Amino acid sequence: MVAHLLRLRLRLLGNSFRRSPWQLVALIVGLLYGLGMALVVASALFGLRLAPVSLAASAVTVFGAILVLGFLLVPLVFGTDDAMDPRTFAVYDIPTGRLATGLATASLVGVPAVAVALIGLAQIVTWARGLLPVLFAVVGAAVILATCLLSARVTTSLAAFLLSTRRSRDATGVLGIVILLLLAPGFISLLTVDWQHRGLSILEDVARVVGWTPLGAVWAAPADAAAGQVGAALLKELIAIAFVGGLWLAWRALVALMLVTPQRQAHARRYGGLGFFRLLPSSPTAAVAARSFTYWVRDARYHVSLLIIPIVPLILMLPLMIGGVPTNVLALLPVPVIALFLGWSIHNDIAYDNTAVWLHIASSVPGRADRLGRAIPALVVGIPVIVIASVTCSSLFGDPASLPAILGVGLGLLLSGLGFSSVMSAAFPYPAVRPGDSPFAQPQAAGSASAFIQSVSFIVTAVLAGPTFVFAFLFLIQGGDWGWAALVSGIALGTVILVAGVLLGGRIFERRSPAILAFTMRN
Amino acid sequence: MAVATTPVEQPAPEPVAEPAVPREIVLAIRGLRKRFDSTIAVAGIDLDVYAGSFFGVVGPNGAGKTTTLSMITGLLRPDAGSVTVHGADVWGDPVTAKRNMGVLPDRLRLFDRLTGAQLLYYSGVLRGLDRDTVVARTADLANAFGFEDALDRLVTDYSAGMTKKVALAAALIHSPRLLVLDEPFESVDPVSAANVTAILKRYVAAGGTVVLSSHSMDLIQRICDYVAVVVDGAVLDTGTMAKVRGDKTLEERFVELAGGRTDTEGMEWLHTFSA
């Protein structure tokens, strides 16, 4: 049984190489990245051999705990597509124990397992400071591998099992965003710590606590042995082994439960009336807009791309703030960034529809109605956001006269971004997360083509708003009426680009419609 | 006409002879071809579908049924050939041709984050109907197909059969002249299927035209008056149901045309059950 499942896992891994060249490139980059990271960590662990015991102990314990936590949490939040899901084997008469053993063993095949094994072996080198520490580290290496792999197995299956309904999948997308938002202040406080003077003692404090938890115990045990505290080391090693035992029991119980539990049934919610369709007139353009609005509200994939917009300026501002850029200059950053992302938000909208776009094609919806309808929600949401943000930022900048310039850049970027996105999504759609999948799932065929299209969309949008940028820049240097010039050029130029983009994108959509549908069917 | 020899005795559909005065040809297909890389999916199909007929396309899996129907509905561009719907070329004058067509594709998604009511409304408005018409027709269709209770639920939460029914209702909402339905009865329960069949028959009696594909021979024989047998991307036989099936059932005739049955001997082990 174990041999069979190992062979199956190898075969799955082998088959992942039999795809299109770009997918292959992406896969190989992923493999090299994973192994490269493991090698970097391993060399750091080699280096720690030369460090004093207390420093090595803190560093290894904290890092190790984060690694185990990652194996526990990543599958829960990102919900991986699991080919070795125990339910796949429900129709075969395999005893639960053998299936659980086999599936756990099969997870040894793969990049994460190899990476963890490398790191586990490397920490033996860190503790090559006597017989006892080495003994603890050698046992630890095996425990580390088992802990990480079983953690991932348990939480992957838990995610697949609990998140099998659409609604709970949608909820995890939002959960992921909330976690990101919660982490942001954490990062900020990390950055404000005076690492040069107090960093080490903080690390030691954290390590001391974490070393007694199941996450860090296995990493801390050899350190205690090296420091001569054999009793503490033994106790920690026991905690770690007990954790593996607990994970194993959980895994076995989960396999047994999943084999006899069919897919969970979602309780369907009712929505009265026609919603946005009621609010907007009954023309094709307005109907497409109402449909887009509805998806922005109901589809977790759109939530993620919208919620990310206020986070990006924060992430961009942080390093600048730490680098000592004055706050009033930083106030110039958020509006252009938000506008750029809002305009960019629809650049791959057709791929989000997936094959449902056939309805537009079979109904011969005019291309410009399709294009404009998809841009309307971004306009309706974006214009007020940019106006409010511009007022706020111009007062933060300390000069109310800067409002026209900031507003002009924001509106110019939004309008021209929507115009250019209207062309891009008809001409160059690239694979996106499928409807109903976790918004963080990677599309089957993501590759460098998508990265290229994303960069082109950003750069061209910025270039199209170039004149407005120039006027706004002149205002910053010379003041005067240049700000008003920026506002006028932003609105006028942006409107022209939006109209042109909608018309051109519409013609492309009509001409390419069978090719677009064929693209979505491949996705 | 000879009596059919199926265990399920079926009376043949009424019109047996070709119409004396040719009726309007609502769908004309000429020399339709499509290849995907090295496989030829459709190898030159010619078909005429008369207005007011119930036209069945039968064929084994992978025969090119879906490919053909996709090219008819303007969802897939043919390599060669033409499709004319009520005088309008699907690839030359798509707007007119598509206005006359209602489409139910197989295995394509719907905008399933909409409720049933919203999806029907959306389909109707995209077809140019006004609000009041769509709302009235939505109620009628929901009543006829029996999904009034599901109108306020998201389509993504529907069962497969329910999804099919809503999609079929969406194809009907603009009262097209021609309905092109790919596997309309797949995963639809027998009661609903009978219901849908009755609706389609009334539609045909009123002068509408239905082209549908299915691999259920029994169903096609029961409801269609014209049939085309498609195998390996080519039409092996077409005409009235009576002409195509002769004195056999459609299923027997189909198996004969499609190349006979595979020898099913040599699986004796299947009759000795495991302990």
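**Helices, cores and the contact between chains A and B**

In this predicted model, the buried residues of helix H4 of chain B are covered by surroundings that include helix H3 (116-126), helix H5 (160-172) and helix H6 (190-205) of chain B. The buried residues in question are B:Val134, B:Thr138, B:Leu141, B:Ala142 and B:Phe145. They lie on the same side of H4(B), because the arc that they cover around the axis is only 100°. An α-helix has 3.6 residues a turn, so residues three or four places apart point the same way. On the face turned away from the buried side, H4(B) carries the exposed residues B:Asp132, B:Ala136, B:Asp140 and B:Asn143. The length of the helix was also examined: the 15 residues of H4(B), residues 131-145, should span 21 Å at 1.5 Å a residue, and the end C-alpha atoms are indeed 21 Å apart, which agrees. After H4(B) comes B:Gly146, which has a positive phi near 75°.

A similar description can be given for a helix of chain A. Helix H10 of chain A (residues 230-260) has 31 residues, and the distance from its first C-alpha to its last is 45 Å, close to the 45 Å expected at 1.5 Å a residue. Among the buried residues of H10(A) are A:Ala233, A:Phe243, A:Val244, A:Leu247, A:Trp251 and A:Val255, and the buried set also includes A:Lys236 and A:Glu237. The buried residues of H10(A) pack against helix H4 (96-106), helix H6 (131-162) and helix H9 (217-226) of chain A.

The two chains were then described as wholes. Chain A contains 22 helices and 0 strands, whereas the secondary structure of chain B comes to 9 helices and 10 strands. Of the 523 residues in chain A, 43% are buried, and of the 275 residues in chain B, 47% are buried. When contacts between residues at least 6 apart in sequence are considered, 82% of those in chain A join residues at least 24 apart, and the corresponding share in chain B is 69%.

In soluble globular proteins, nonpolar side chains tend to be buried together. The largest nonpolar core of the model has 154 residues, and B:Val211 and B:Val227 are those with the most contacts inside it. Helix H19 of chain A (residues 403-427) supplies the largest share of this core, with 13 residues. Apart from this core lies another, of 54 residues, which includes A:Ala141, A:Val154, A:Leu215 and A:Val255.

The surroundings of B:Val227 and of B:Ala228 were followed in detail. With neighbours within four places in sequence left aside, B:Val227 is in contact with B:Gly56, B:Val58, B:Ile220, B:Thr238, B:Met241, B:Val244 and B:Leu250. B:Ala228 is found in strand E9 of chain B (residues 226-231), and it counts as buried because 25 other C-beta atoms lie within 10 Å. Not counting residues up to four places away in sequence, B:Ala228 touches B:Leu47, B:Val57, B:Val235 and B:Thr238. Although B:Ala228 and B:Thr238 are 10 residues apart in sequence, their C-alpha atoms are 4.2 Å apart in space.

The contact between the chains takes 33 residues from chain B and 32 residues from chain A. On the side of chain B that touches chain A, the elements giving two or more residues are helix H2 (94-99) and H3 of chain B, and H3(B) gives the most, with 7 residues. The residues on this side of chain B divide into 16 nonpolar, 6 polar and 11 charged.

Two serines have a positive phi, a value noted here in residues other than glycine. A:Ser364, with phi near 40°, is placed in the loop between helix H17 (358-362) and helix H18 (367-397) of chain A, and it counts as buried because it has 21 C-beta neighbours inside 10 Å. B:Ser187, with phi near 60°, is placed in the loop between strand E7 (178-182) and H6 of chain B, and its 13 C-beta neighbours inside 10 Å make it partly exposed.

As to confidence, the model scores ipTM 0.88 and pTM 0.75. Chain B averages a pLDDT of 87, and 89% of its residues score at least 70. Over residues 1-17 of chain B, however, the pLDDT is below 50, and this stretch has 19 contacts in the model beyond near neighbours in sequence.

Notes
Residues numbered from 1 in each chain as written. Chains lettered and ligands numbered in written order. Predicted model: local features only at pLDDT ≥ 70, side-chain atom pairs only at ≥ 80, totals over all residues. Helix = DSSP H or I, 4+ residues; strand = E, 2+ residues; numbered from the N terminus. Expected span 1.5 Å × (residues − 1). Buried ≥ 20, exposed ≤ 12 C-beta atoms within 10 Å, placed from the backbone. Arc of directions from axis to C-beta. Contact = placed C-beta atoms within 7 Å. Core = buried A, V, L, I, M, F, W, Y, C linked by C-beta atoms within 7 Å. Nonpolar A, V, L, I, M, F, W, Y, C, P; charged D, E, K, R; others polar. pLDDT = per-residue confidence, 0-100.
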